[in-house]
Amino acid sequence: MTQALRAGTLVMPTMAKGKQLIEVRCPCCEATLQIDPELQAVISYEEHKKPPTIEDIGAAVQKLKGEEARRGEVFQKSFEQHKGHHKVLERKFDELLKQAKENPDAPKPKRPFDFD
(Lines give C-alpha, C1' and ligand atoms only; values in the text may rest on other atoms or scores of the structure.)
Protein backbone atom coordinates (compact mmCIF):
# COMPACT_ATOMS: atom_id res chain seq x y z
CA MET A 1 0.00 0.00 0.00
CA THR A 2 1.47 3.37 -1.02
CA GLN A 3 0.42 6.69 0.48
CA ALA A 4 1.51 10.18 -0.53
CA LEU A 5 2.52 12.60 2.21
CA ARG A 6 3.33 16.29 2.07
CA ALA A 7 6.22 17.48 -0.13
CA GLY A 8 6.00 14.40 -2.36
CA THR A 9 7.35 11.97 0.22
CA LEU A 10 6.39 8.37 -0.41
CA VAL A 11 5.52 5.99 2.41
CA MET A 12 5.55 2.24 1.82
CA PRO A 13 4.90 -0.15 4.70
CA THR A 14 7.26 -3.15 4.80
CA MET A 15 7.54 -6.09 7.12
CA ALA A 16 10.78 -6.57 9.07
CA LYS A 17 11.19 -8.99 11.99
CA GLY A 18 7.43 -9.23 12.47
CA LYS A 19 7.06 -5.44 12.89
CA GLN A 20 5.80 -3.02 10.32
CA LEU A 21 8.36 -0.41 9.20
CA ILE A 22 7.53 2.67 7.17
CA GLU A 23 9.87 3.46 4.31
CA VAL A 24 10.20 7.18 3.54
CA ARG A 25 12.13 8.86 0.71
CA CYS A 26 13.51 12.30 1.58
CA PRO A 27 12.44 14.93 -1.00
CA CYS A 28 15.67 16.92 -0.52
CA CYS A 29 18.47 14.37 -0.65
CA GLU A 30 16.43 11.37 -1.88
CA ALA A 31 17.76 9.18 0.93
CA THR A 32 15.63 6.22 2.06
CA LEU A 33 14.67 6.05 5.74
CA GLN A 34 12.98 3.13 7.47
CA ILE A 35 11.00 4.28 10.48
CA ASP A 36 9.43 2.22 13.27
CA PRO A 37 6.08 3.93 13.97
CA GLU A 38 5.79 2.32 17.40
CA LEU A 39 9.17 3.59 18.61
CA GLN A 40 9.01 6.75 16.46
CA ALA A 41 12.63 6.33 15.50
CA VAL A 42 14.68 5.86 12.35
CA ILE A 43 15.76 2.22 12.17
CA SER A 44 17.87 2.36 9.00
CA TYR A 45 19.15 5.00 6.62
CA GLU A 46 20.37 4.51 3.07
CA GLU A 47 21.89 7.34 1.05
CA HIS A 48 20.81 7.94 -2.53
CA LYS A 49 23.40 6.57 -4.94
CA LYS A 50 24.44 9.34 -7.30
CA PRO A 51 25.79 8.64 -10.79
CA PRO A 52 29.45 9.58 -11.34
CA THR A 53 29.84 13.26 -12.17
CA ILE A 54 32.59 12.69 -14.73
CA GLU A 55 31.69 10.17 -17.39
CA ASP A 56 34.61 10.76 -19.75
CA ILE A 57 37.93 11.59 -18.09
CA GLY A 58 39.39 12.82 -21.40
CA ALA A 59 36.63 15.40 -21.81
CA ALA A 60 37.11 16.56 -18.22
CA VAL A 61 40.87 17.02 -18.78
CA GLN A 62 40.23 19.05 -21.96
CA LYS A 63 37.75 21.23 -20.10
CA LEU A 64 40.30 21.89 -17.33
CA LYS A 65 42.98 22.76 -19.89
CA GLY A 66 40.60 25.24 -21.49
CA GLU A 67 39.93 26.79 -18.08
CA GLU A 68 43.68 27.10 -17.49
CA ALA A 69 44.12 29.03 -20.74
CA ARG A 70 41.18 31.31 -19.90
CA ARG A 71 42.59 32.05 -16.44
CA GLY A 72 45.96 32.85 -18.03
CA GLU A 73 44.35 35.30 -20.44
CA VAL A 74 42.43 37.03 -17.65
CA PHE A 75 45.62 37.29 -15.57
CA GLN A 76 47.60 38.78 -18.48
CA LYS A 77 44.85 41.33 -19.16
CA SER A 78 44.76 42.34 -15.49
CA PHE A 79 48.57 42.53 -15.39
CA GLU A 80 48.67 44.81 -18.44
CA GLN A 81 46.01 47.08 -16.93
CA HIS A 82 47.99 47.27 -13.69
CA LYS A 83 51.19 48.15 -15.57
CA GLY A 84 49.38 50.90 -17.47
CA HIS A 85 47.72 52.26 -14.32
CA HIS A 86 50.94 54.05 -13.31
CA LYS A 87 50.98 55.90 -16.65
CA VAL A 88 47.33 56.92 -16.22
CA LEU A 89 48.00 58.33 -12.75
CA GLU A 90 51.06 60.19 -14.06
CA ARG A 91 49.03 61.69 -16.90
CA LYS A 92 46.26 62.80 -14.52
CA PHE A 93 48.80 64.40 -12.19
CA ASP A 94 50.49 66.26 -15.06
CA GLU A 95 47.13 67.56 -16.32
CA LEU A 96 46.06 68.78 -12.85
CA LEU A 97 49.48 70.41 -12.30
CA LYS A 98 49.15 72.17 -15.66
CA GLN A 99 45.67 73.44 -14.71
CA ALA A 100 46.98 74.69 -11.35
CA LYS A 101 49.84 76.59 -13.04
CA GLU A 102 47.51 78.16 -15.64
CA ASN A 103 45.04 79.41 -13.03
CA PRO A 104 46.87 80.11 -9.74
CA ASP A 105 43.97 82.19 -8.35
CA ALA A 106 41.50 79.27 -8.47
CA PRO A 107 40.19 78.17 -5.06
CA LYS A 108 41.87 75.11 -3.59
CA PRO A 109 39.81 71.92 -3.58
CA LYS A 110 38.19 71.11 -0.27
CA ARG A 111 39.75 68.41 1.85
CA PRO A 112 37.53 65.77 3.52
CA PHE A 113 37.88 67.31 7.00
CA ASP A 114 36.92 70.77 5.66
CA PHE A 115 33.32 69.56 5.35
CA ASP A 116 32.88 69.19 9.15
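**Exercise 1. Is Glu 30 buried, partly exposed or exposed?**

Solution. Keep in mind that you're looking at a predicted model.

- Step 1: Get the value. Glu 30 has a relative accessibility of 38%.
- Step 2: Recall the cut-offs. Buried is under 20%, exposed is over 50%, and partly exposed sits in between.
- Step 3: Put them together. At 38%, Glu 30 counts as partly exposed.
- Step 4: Find the place. Glu 30 belongs to the loop between strand E3 (19-25) and strand E4 (32-36).
- Step 5: Check the backbone. Phi of Glu 30 is near 60°, which is positive even though the residue is not glycine. Most residues other than glycine have a negative phi.

**Exercise 2. Work out where Gln 40 lies and how exposed it is.**

Solution.

- Step 1: Go to the loop between E4 and strand E5 (41-46), where Gln 40 lies.
- Step 2: Look at phi. For Gln 40 it is near 55°, again a positive value in a residue other than glycine.
- Step 3: Take the relative accessibility, 71%. The line for exposed is drawn at over 50%, so Gln 40 counts as exposed.

**Exercise 3. Describe the overall layout of the chain.**

Solution.

- Step 1: Tally the elements. You should get one helix and five strands.
- Step 2: Put them in sequence order, and the pattern reads β-β-β-β-β-α.
- Step 3: Check the burial. The chain has 116 residues, and 8% of them count as buried.
- Step 4: Look at contacts between residues at least 6 apart in sequence. Of these, 0% join residues at least 24 apart.
- Step 5: Add the surface. The accessible surface of the chain is about 10,900 Å², with 58% of it belonging to carbon and sulfur atoms.

**Exercise 4. Test whether the end-to-end distance of helix H1 agrees with its number of residues.**

Solution.

- Step 1: Note the helix: H1 covers residues 57-102, which makes 46 residues.
- Step 2: Work out the expected span. You multiply 1.5 Å by one less than the number of residues, and for H1 that comes to 68 Å.
- Step 3: Compare with the model. The end C-alpha atoms of H1 are 67 Å apart, which agrees.
- Step 4: Follow the axis too. H1 has a kink of about 30°, centred on Gly 84.

**Exercise 5. Find the aromatic pair and say how its rings are arranged.**

Solution.

- Step 1: Search the whole structure, and one aromatic pair turns up. Its partners are Phe 75 and Phe 79, with ring centres 6.2 Å apart.
- Step 2: Check the planes. They stand at 20° to each other, and planes under 30 degrees apart count as stacked, so this pair is stacked.
- Step 3: Place the two rings. Both residues sit in helix H1, four residues apart, or about one turn of the helix.
- Step 4: Look at exposure. Phe 75 is exposed, at 53% relative accessible area, while Phe 79 counts as partly exposed at 37%.

**Exercise 6. Track down the salt bridges, and say where you can how their partners are spaced.**

Solution. Side chains of opposite charge can pair when their charged atoms come close. The structure holds three such salt bridges.

- Step 1: Begin with Lys 49 and Glu 46, whose side chains meet at 3.5 Å, N to O. Lys 49 is exposed, with a relative accessible area of 64%, but Glu 46 is partly exposed at 47%.
- Step 2: Move on to Arg 70 and Glu 67, which form a salt bridge at 3.3 Å, N to O. Being three residues apart in helix H1, they are separated by about one helical turn. Arg 70 is partly exposed at 45%, and Glu 67 also counts as partly exposed, at 29%.
- Step 3: Finish with Glu 80 and Lys 83, at 3.7 Å, N to O. These two lie in helix H1 as well, three residues apart, about one turn of the helix. Glu 80 counts as partly exposed at 42%, and Lys 83 is partly exposed at 47%.

Technical notes
Residues numbered from 1 in each chain as written. Predicted model: local features only at pLDDT ≥ 70, side-chain atom pairs only at ≥ 80, totals over all residues. Heavy atoms only, no water. Bend = angle between axes of the 7 residues up to and from the residue. Phe/Tyr/Trp six-rings, centres within 6.5 Å; stacked < 30°, edge-to-face > 60°. Buried < 20%, exposed > 50% of the residue type's maximum accessible area, 1.4 Å probe, protein only. Contact = heavy atoms within 4.5 Å. Areas by Shrake-Rupley, 256 points an atom, 1.4 Å probe, with all protein chains shown as cover. Salt bridge = Lys/Arg side-chain N within 4 Å of Asp/Glu carboxyl O.
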